[in-house]
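Thanks for asking me to look over this one. My notes are below as numbered points, so you can follow along in the viewer.

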Number of protein chains: 2
Amino acid sequence: MPVDPKAPVRISALNWVPVFAQGHVRDLRPRWALEEAGIPYAVRKLDVMAERPADYYEEQPFGQVPSYHDDTVSLFESGAIVLHIGRDCETLLPRDLAARARATTWLIAALNTVEPFLMQLATIDVFAAGEEWARLRRPGVIEMIDKRLARLSDALREKSYLDGERFTAGDLMMTTVLRSIDGKGLLDRYSNLVAYKARCQARPAFQAALAAQIADFEERESVRA
Amino acid sequence: MPVDPKAPVRISALNWVPVFAQGHVRDLRPRWALEEAGIPYAVRKLDVMAERPADYYEEQPFGQVPSYHDDTVSLFESGAIVLHIGRDCETLLPRDLAARARATTWLIAALNTVEPFLMQLATIDVFAAGEEWARLRRPGVIEMIDKRLARLSDALREKSYLDGERFTAGDLMMTTVLRSIDGKGLLDRYSNLVAYKARCQARPAFQAALAAQIADFEERESVRA
């Protein structure tokens, strides 16, 4: 679904991030959900190098991306946005009450049980690189991540997706979380997780969302120089 | 709503935790939601000192508490459980689509934007107390927490609850998250957050849930000795 500046749905995104973060900013999550649901959307681009405009805190109290706006509601938190987009999209959230609750369970497991440890590693490797605490702490964080991945691998077993043979919003969220440790080799010992992540990323909606996030980054003089 | 061993709803909890953690284990969240909804529930108590029974991983893949089971579904993740309990309880999730989405937003903000930093502080102060990395890292984590609390305070302003004048599942979750830094003095400079947390904790449903969690802890010879 192409980005459409006139669409009633609007998300926020950043106008640029360093190469290592391109394709990993959290607006990827609503973009992917909107692609799965076939809903066109507009983008409010925020200048990554500037202070957030004061009015942005009205739509995202923590100043982060993404926010979400449509004819009925203004939201933030990528998890809540994906659940809202999924409300009428059976690909994301099955109509069956129990299956819908399980999809929500996996979405929140991604955000609250898996992502916090992966974010600690990102802090250590990027924002605190070279600091003594980061050097001392890294092995402990790697161990915690591995414990989570081991449990996740056991839960997935030989299924195609976390709740069985159909993709849900829970898989969307878990995939974006697992992508945050790309290139670190942490997933490699869990071959079912590697195949699962590849299976989710092969979805046309994911590919379209990824391309759209990257297409929205602007060329920057400071980088081209 | 008293705990009822014959109730069709069953959650899991621990049979004991150290005093500093009593009243803070995450089964408090579904207990509180069930009290708000007026739904009786049974408790599967897990021995905190033993390995989790193998069958427990079937209901909670990461081995944590709480899990949740009713006539229609087995779930885990306290956030997903509270959303499921709230589906027919207007106190927790308003029927209006937009208000419901905003309540969900605040619930996920508690779990994904606020709690991860508070959990890092718990790791530093309890599980890694005395370690060099923890000593070096603590000021940075305190700073991150304070930034989040400042934004949260700005978002709350003079409202009674995060989305206005009515309590929702978002407030339930945010209150349980903010309680995890009780006694550290971090909330004190935000008088509206202090009053907000007290307002939520004054709810009879919260008080009943707290009493029920503590009542379920068993006396232990090792502690009484």
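**Notes on the two-chain model**

1. Let's begin with a loop in chain A: Pro66(A) sits in the stretch between α2 (56–59) and β3. The peptide bond that leads into this proline, from Val65(A) to Pro66(A), is cis, with omega near 0°. Please bear in mind that you are looking at a predicted model.

2. The other chain has a cis bond as well. There, the bond from Val65(B) to Pro66(B) is cis, again with omega near 0°. Pro66(B) belongs to the loop that links α2 (56–59) to β3 in chain B.

3. How confident is the predictor? Chain A has a mean pLDDT of 95, with 97% of its residues at 70 or more. For the complex, the predictor gives an ipTM of 0.96 and a pTM of 0.96.

4. Now for the overall build of chain A. Its secondary structure consists of 9 helices and 4 strands. Read from the N terminus, the elements come in the order β-α-β-α-β-β-α-α-α-α-α-α-α. The radius of gyration of chain A is 18 Å, close to the 17 Å that the globule rule gives for 225 residues, so chain A is as compact as a globular protein of that length. If you would like a feel for the dimensions, the C-alpha atoms of chain A fill a box of roughly 50 × 45 × 30 Å along the principal axes.

5. The strands of chain A are worth tracing by eye. An open sheet of 4 strands is formed in the order β2-β1-β3-β4, and its pairing is mixed. Why do β2 (42–46) and β4 (74–76) of chain A each have one side without a neighbour in the sheet? Both stand at the edges with a single partner strand, so one side of each is left free of a neighbour there. From one strand to the next, the twist averages 25°.

6. Just after the loop of Pro66(A) in point 1, you can look at how β3 is paired. Strand β3 (residues 67–69) of chain A pairs with β4(A) in the antiparallel sense, over 3 bridges. Which residue of β4(A) is the bridge partner of Ser67(A)? That partner is Phe76(A).

7. Chain B can be checked in the same manner. Its open sheet has 4 strands in the order β2-β1-β3-β4, with mixed pairing. In chain B, β2 (42–46) and β4 are the edge strands, each with a single partner, so one side of each has no neighbour in the sheet. The twist there averages 25° from one strand to the next. Strand β3 (residues 67–69) of chain B runs antiparallel to β4(B), joined by 3 bridges, and Ser67(B) has Phe76(B) as its bridge partner in β4(B).

8. How are the two copies arranged? Chain B is superposed on chain A by a rotation of 180° with 0.0 Å of shift along the axis, at an RMSD of 0.0 Å. The two copies are therefore related as by a two-fold rotation axis. In chain B, the C-alpha nearest that axis belongs to Trp133(B), at 2.2 Å from it. Both copies use the same surface, as 100% of the contact residues of chain B recur in chain A.

9. The contact itself involves 36 residues from chain A and 35 residues from chain B. On the chain B side, β4 (74–76), α3 (78–86), α4 (97–127) and α5 (132–156) each supply at least two residues. The most comes from α4(B), which gives 14 residues to this side. Sorted by class, the side of chain B that touches chain A has 19 nonpolar, 9 polar and 7 charged residues.

10. One last backbone detail to look up in chain A is Arg157(A). Although Arg157(A) is not a glycine, its phi is positive, at about 50°. You will find Arg157(A) in the loop between α5 (132–156) and α6 (169–178) of chain A.

Key
Residues numbered from 1 in each chain as written. Chains lettered and ligands numbered in written order. Predicted model: local features only at pLDDT ≥ 70, side-chain atom pairs only at ≥ 80, totals over all residues. Contact = placed C-beta atoms within 7 Å. Nonpolar A, V, L, I, M, F, W, Y, C, P; charged D, E, K, R; others polar. pLDDT = per-residue confidence, 0-100. Pairing = 2+ DSSP bridges. Axes fitted to C-alpha atoms, helices over the stretch in contact; angles between N-to-C directions. Least-squares fit on C-alpha atoms with pLDDT ≥ 70 in both. Rg over C-alpha atoms; globule rule 2.2 N^0.38 Å.
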